[in-house]
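Let's take a walk through a protein together, beginning with its overall outline and ending at the place where a ligand sits. Have the picture ready and turn it as you read.

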Amino acid sequence: MDYEKHALSAAETIFALRERIKELTCLYKIADLASRAELSFAEFMEEVIKIIPRSMQYPSATGCLICIDQVDYSSPNLEKSEEYISAPITVNNLERGFIQVFYQEAAGVSFLPEEEQLLKGVAQQLALVMERKGVEENNAKLQEQLRHADRLATIGLLSSGIAHEINEPLSAILGFGQLLDTEYELPQAAKKDLQKIIAAALHAREVVRKLMLFSRQVPPKMVAVNLNKLIMEGFYFLENRCAKQGVNIVRDLQEDLPEIIADPSQIHQVLVNLSVNAIQAMPKGGTLTIRTRHQDDTIEWQISDTGIGMDKDLQQKIFMPFFTTKDVDQGTGLGLPVVHGIISAHHGSISLESEPGVGTTFKIYLNTNHE
Ligand SMILES: Nc1ncnc2c1ncn2[C@@H]1O[C@H](COP(=O)(O)OP(=O)(O)OP(=O)(O)O)[C@@H](O)[C@H]1O
Ligand SMILES: [Mg+2]
């Protein structure tokens, strides 16, 4: 009798040992996968889904479902059943999903407490991988922003030099041209040509002005202003253009917006540049939405359109000076660089979300803390 008892506990020990080995193998394999930088997150998850069932008592009857940020990863032909264990995946105190393991042929088999424990361990491992991935993505984004800012600063320096050089001869062309026009009785044909010279010089002066704005050669004249009020005033000029093109305007302005310290004419310029782009992106009409929101020390200002949108490749290029997809007489490619220069001079930031065929939203963040 004693012998029998002993034999049973030895069998139990071996079984338990085998289970522990399977569990450790599972954790080890996931850690190993996590260290393989060449795997995308989806590829990593595909492997994890295969590994987890192998660590359970009845691998062939086990199905696994992992849900992360509303995306499901599941073992082939998963059949959910009453008999399952579950563990939440929590990253930085935020529940981002869960893992569930099912016994598909539920009859009489139940999970061990150790298996539940293992699932918690796996969930923690996944959370760590996601946390690391989040940090890596943030770093990459920061690097790209720095590179971008550096490029813009170089171009800004270069273009401000050119702008100064051009400004003087341009003033002479304009000044003498206008003098000629008013002081002398010119033949009709010469007068017509002179008008063209003056119009071209005025256009060039506008380009120079934009360049100087972009390279922050025009220092902002800072005063306390209400952004909503500036938007309402600015729209007075834009309404006509919107109506002509079948663009419907939605103003969603938060009440009691705190004041910001800003240059009103430059903020007006930002509104015009972004709205004109939005209107140009909706040749068949659509909706232009202007939204303001306030939280803590920050004002979020959104300008959205339901226009043609931009793919990722285009989005990378749009803040570069002189980059345009428009015809020569339609765009100089300085609208967004100017917006970027102005927002930087106001210590704010700008970002965008866009999808081809759906539309674009530009988001500007400005600080209300005036210290
Ligand atoms: N709301 C938008 N929807 C789709 N594409 C846009 C939008 N805003 C900007 N773009 C793209 O970004 C490019 C650069 O815009 P930017 O305002 O700098 O120059 P532009 O509009 O071409 O010329 P400018 O503003 O100097 O007259 C545009 O040519 C267009 O391709
Ligand atoms: Mg533009």
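Start with the two domains: their C-alpha centres lie 48 Å apart. Keep in mind that this is a predicted model. Domain 1 takes in residues 2–138, and domain 2 takes in residues 221–371.

Now step back and look at the whole chain. If you count its secondary structure, you will find eight helices and eleven strands. How spread out is the chain? Its radius of gyration is 32 Å, while the globule rule for 371 residues gives 21 Å; the chain's value is well over that, so the chain is more spread out than a compact globule. You can also see this in the spans of the C-alpha trace along its principal axes, which are about 130 × 45 × 40 Å.

Next, find helix 8, which covers residues 335–345. Two other helices will help you get to know it. One is helix 4, residues 188–214, whose axis comes within 7 Å of that of helix 8, with the two crossing at roughly 35 degrees. This crossing is left-handed. Which residues make the contact? From helix 4 come Lys210, Leu213 and Phe214, and from helix 8 come Pro337, Val338, Gly341 and Ile342. Sorted by class, the residues of this contact are five nonpolar, one polar and one charged.

The other partner is helix 6, residues 264–280. The axes of helix 6 and helix 8 come within 9 Å and cross at roughly 145 degrees. Here, too, the crossing is left-handed. On the helix 6 side, look for Gln266, Gln269, Val270, Asn273, Leu274, Val276 and Asn277; they meet Gly335, Leu336, Val338, Val339, Ile342 and Ile343 of helix 8. This contact of helix 6 with helix 8 has eight nonpolar residues, five polar ones and no charged ones. You may recognise Val338 and Ile342, since helix 8 also uses them in its contact with helix 4.

With these helices in view, you are ready for ligand 1. Which helices each supply at least two residues to the shell around ligand 1? They are helix 6 and helix 8. There are 22 residues around ligand 1, and the nearest of them are Ala281, Thr324, Gly331, Gly335 and Leu336. Gly335 and Leu336 should look familiar, because you met them in helix 8, facing helix 6. As for the character of the shell, it has nine nonpolar, eleven polar and two charged residues.

Note on methods: Residues numbered from 1 in each chain as written. Chains lettered and ligands numbered in written order. Predicted model: local features only at pLDDT ≥ 70, side-chain atom pairs only at ≥ 80, totals over all residues. Near = placed C-beta within 6 Å. Helix = DSSP H or I, 4+ residues; strand = E, 2+ residues; numbered from the N terminus. Nonpolar A, V, L, I, M, F, W, Y, C, P; charged D, E, K, R; others polar. Domains from an automatic or database assignment. Axes fitted to C-alpha atoms, helices over the stretch in contact; angles between N-to-C directions. Left-handed = near helix turned anticlockwise from the far one by under 90°. Contact = placed C-beta atoms within 7 Å. Rg over C-alpha atoms; globule rule 2.2 N^0.38 Å.
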